[in-house]
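The exercises below ask the reader to work from the displayed model towards a reasoned description of selected parts of the chain. Each task is followed by a solution that proceeds step by step.

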Amino acid sequence: MRSRLALTAALLGTQAAFAGTDVWFTPLTQSAPVVPANSLGETSSPWVTPEGIHQKNILSLREVEDQILSPGQSVIRVPGQGTSASMFDMLAYDPTGQYLFIPHETPIGAGCTRISLYDNHAEVILAGDQKGANGDWSNDFGAFDPSRWTPNGTLFLAEEWSGEGRVIEILNPLAPAAEIESRELNSIPNVSHEGINFSEKFEDTIYFIDEYNSGSIYKFVMSKKGDYTKGQSFVLSVDAFLSSGGNPVANYNAGSNATAVREGMATWIPLTDKNGVPLPGISDPFVNGPTGPATLAGRKAADDAGGTPYGRPEDMAVGRATNGREMLYVAVTSENAVISIEILENRKGNSYTATGKAIVRVMANNSTPKNLGYAPTTGTISSPDNIALDSQGNVYVIEDAPNGSSTGGDIWFFRDKNSDGVAESVDHFMSIRVHGSEATGMIFNPANPLEFCVSVQHPTSTDLAVIPNGLGDAVWMFNLANIPNKGFVKNLEKGRTNTNQ
């Protein structure tokens with residue numbers, strides 16, 4: 001029998017399919033109306049979807065805490081935090097599709113819950129001690145947003161808007177909960193982490209993002225492939241940004257940045273040497289504290305180097321264009337846009353030059369046609385946040401916030417048939433109607449390309465003081481086997497979804 005680590009390496013080594021198919025469903029024409037908290041619309045069918053998509057609940061706070069699924073379960077609920085008490089966020093699968101990992105974006109006491117899908121069992125495998133409330137983060141974590149299964153068979157978690165901007169690696173994520181081991185990766189700069197992904201083309205490279213209104217896009221190149229503890233950090237700078245009046249310290253749209261160039265040819269600017277030592281004139285990007293997104297050390301280093309700022313870049317997915325080049329897709333929340341970054345490097349093995357080149361493009365925004373060739377939608381792209389790829393490389397984008405007080409947030413299909421990083425249409429895919437919630441963490445099952453999961457985060461029903469016995473944060477699973485487009489089903493089954501979404 002092949003070892004689990006060997007299986008992990010084999011599955012993660014499979015390149016994502018070339019991006020781009022035609023739209024495979026009939027798009028929605030409006031955002032879903034929100035239903036009352038804990039009503040049947042939340043507990044049984046919270047999603048409006050195209051024809052043939054099956055939805056089922058696989059986990060909720062209430063089911064875990066009432067021990068409905070199986071005895072001996074646990075999940076994080078931080079006392080006194082209301083709807084922010086659990087904060088299910090960016091889901092991660094192990095490569096076998098047997099386990100799902102939920103990071104908790106709680107202000108203090110953040111951690112990770114592991115679900116065994118075969119026996120419907122949830123348990124906490126990591127949790128902070130909640131002393132961050134008093135400024136002591138030595139054994140506490142704040143706002144875990146990303147989670148990412150790694151090629152080494154470990155799990156990355158990282159802090160976003162609370163805590164100290166650290167990346168935490170769970171070294172044995174499938175071990176019994178009492179035997180879980182973790183470490184802080186002091187080699188990756190401290191920023192407001194959200195999107196963090198492994199390159200599909202360069203085995204020594206990790207891309208990551210600073211989720212802030214002056215946030216930049218980074219990469220980390222390992223000194224030795226597979227060793228996440230030492231390497232060189234870079235920030236992306238659009239070549240014309242500084243010469244067009246750009247100010248890396250200011251918010252993306254403040255002052256001269258309102259007209260500065262932030263698209264086109266770009267360069268990866270080093271922050272450190274190959275051993276992780278900060279370069280002359282660059283601040284140390286690895287300092288823990290002070291806390292708070294405006295003061296994290298990696299951001300100061302990026303500003304020193306002239307990194308190009310974007311309006312809250314959040315999640316990122318790694319795909320491939322038809323020309324074979326690597327393509328990054330980045331949700332830019334405050335700009336109501338998604339950008340694509342085409343990686344122009346072409347290196348062999350671990351041979352690496354000090355800088356690399358890329359092209360930044362706007363993939364889509366609210367000026368992009370919607371539901372092209374179909375009935376129009378009244379929905380608008382509002383705060384795009386999370387990104388997922390299916391086994392054909394199609395891009396799905398999930399909103400951070402609903403379109404209005406009475407309508408739910410949406411998931412969009414970014415139609416890019418010619419795979420050039422610019423969408424021809426954004427098609428209205430799904431809409432959530434859960435009161436007070438946002439959708440997050442969409443991810444396709446690497447072992448079953450017809451399945452994907454989405455989290456329901458911070459619904460009103462999580463606050464038990466407002467909704468006694470509320471369903472709370474939840475994870476829903478969707479299956480595409482019965483959609484009308486059987487050709488697309490067959491293509492999905494032929495492909496393989498990677499865990500690098």
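**Exercise 1. Place Asn38 by its exposure and its backbone, and then treat Gln67 likewise.**

Solution. In this predicted model, Asn38 has a relative accessibility of 22% and therefore counts as partly exposed, since the buried class ends under 20% and the exposed class begins over 50%. The residue sits in the loop between helix 1 and helix 2. The next step is the backbone, where Asn38 takes a positive phi of about 65 degrees although it is not a glycine. The background to this step is that most residues other than glycine have a negative phi.

Gln67 can be worked through in the same order. Its relative accessible area is 32%, so Gln67 is partly exposed. Gln67 belongs to the loop between helix 3 (61–65) and strand 3 (92–93), and its phi is positive, at about 60 degrees, although Gln67 is not a glycine.

**Exercise 2. Determine how the ring of Phe429 pairs with the rings of Trp24 and Phe25, and where in the chain the partners lie.**

Solution. Begin with the total, which is 19 aromatic pairs in the structure. One of these joins Trp24 and Phe429, whose ring centres are 5.5 Å apart and whose planes meet at 65 degrees; because planes over 60 degrees apart count as edge-to-face, the pair falls in that class. The pair links distant parts of the chain, with Trp24 in the loop between helix 1 (4–12) and helix 2 (40–43) and Phe429 in strand 23 (residues 425–432), 405 residues apart.

Exposure comes next: Trp24 is buried, with a relative accessible area of 6%, and Phe429 is buried as well, at 0%.

For Phe25 and Phe429, the ring centres lie 4.9 Å apart and the planes stand at 50 degrees, so this pair is tilted. It too connects distant parts of the chain, since Phe25 is in the loop between helix 1 and helix 2 while Phe429 is in strand 23, 404 residues away. Both Phe25 and Phe429 are buried.

As a last step, the pairs can be followed into a cluster, in which ring pairs link Trp24, Phe25, Trp47, Tyr396, Phe413, Phe429, Phe444, Phe452, Phe478 and Phe488.

**Exercise 3. Establish which residues of helix 4 are buried and what covers them.**

Solution. Helix 4 spans residues 297–305 and is mostly covered, with seven of its nine residues buried. These are Ala297, Gly298, Arg299, Ala301, Ala302, Asp303 and Ala305. Their cover includes strand 12 (205–210), strand 13 (217–222), strand 14 (231–238) and strand 15 (264–270). Continuing along the backbone, one finds Gly306 just after helix 4, with a positive phi of about 90 degrees.

**Exercise 4. Decide whether the overall dimensions of the protein chain agree with or depart from those of a compact globule.**

Solution. For 501 residues, a compact globule would have a radius of gyration near 23 Å, and the 21 Å of the protein chain agrees with this. Along the principal axes, the C-alpha atoms fill a box of roughly 60 × 55 × 55 Å. The chain contains five helices and 26 strands, and 60% of its 501 residues count as buried. Among contacts between residues at least 6 apart in sequence, 62% join residues at least 24 apart.

Methods: Residues are numbered from 1 along each chain as its sequence is written. This is a predicted model: local features need pLDDT of at least 70, side-chain atom pairs count only at pLDDT 80 or more; totals for chains, interfaces and linings use all residues. Side-chain values use heavy atoms; hydrogens and water are left out. Helices (H or I, at least four residues) and strands (E, at least two) are DSSP runs, numbered from the N terminus. The radius of gyration is taken over C-alpha atoms; the globule rule is 2.2 Å times the number of residues to the power 0.38. Buried means under 20% relative accessible area, exposed over 50%, partly exposed in between (1.4 Å probe, protein chains only). Contact means heavy atoms within 4.5 Å. Rings of Phe, Tyr and Trp (its six-membered ring) pair if their centres lie within 6.5 Å; planes under 30 degrees apart count as stacked, over 60 as edge-to-face and the rest as tilted.
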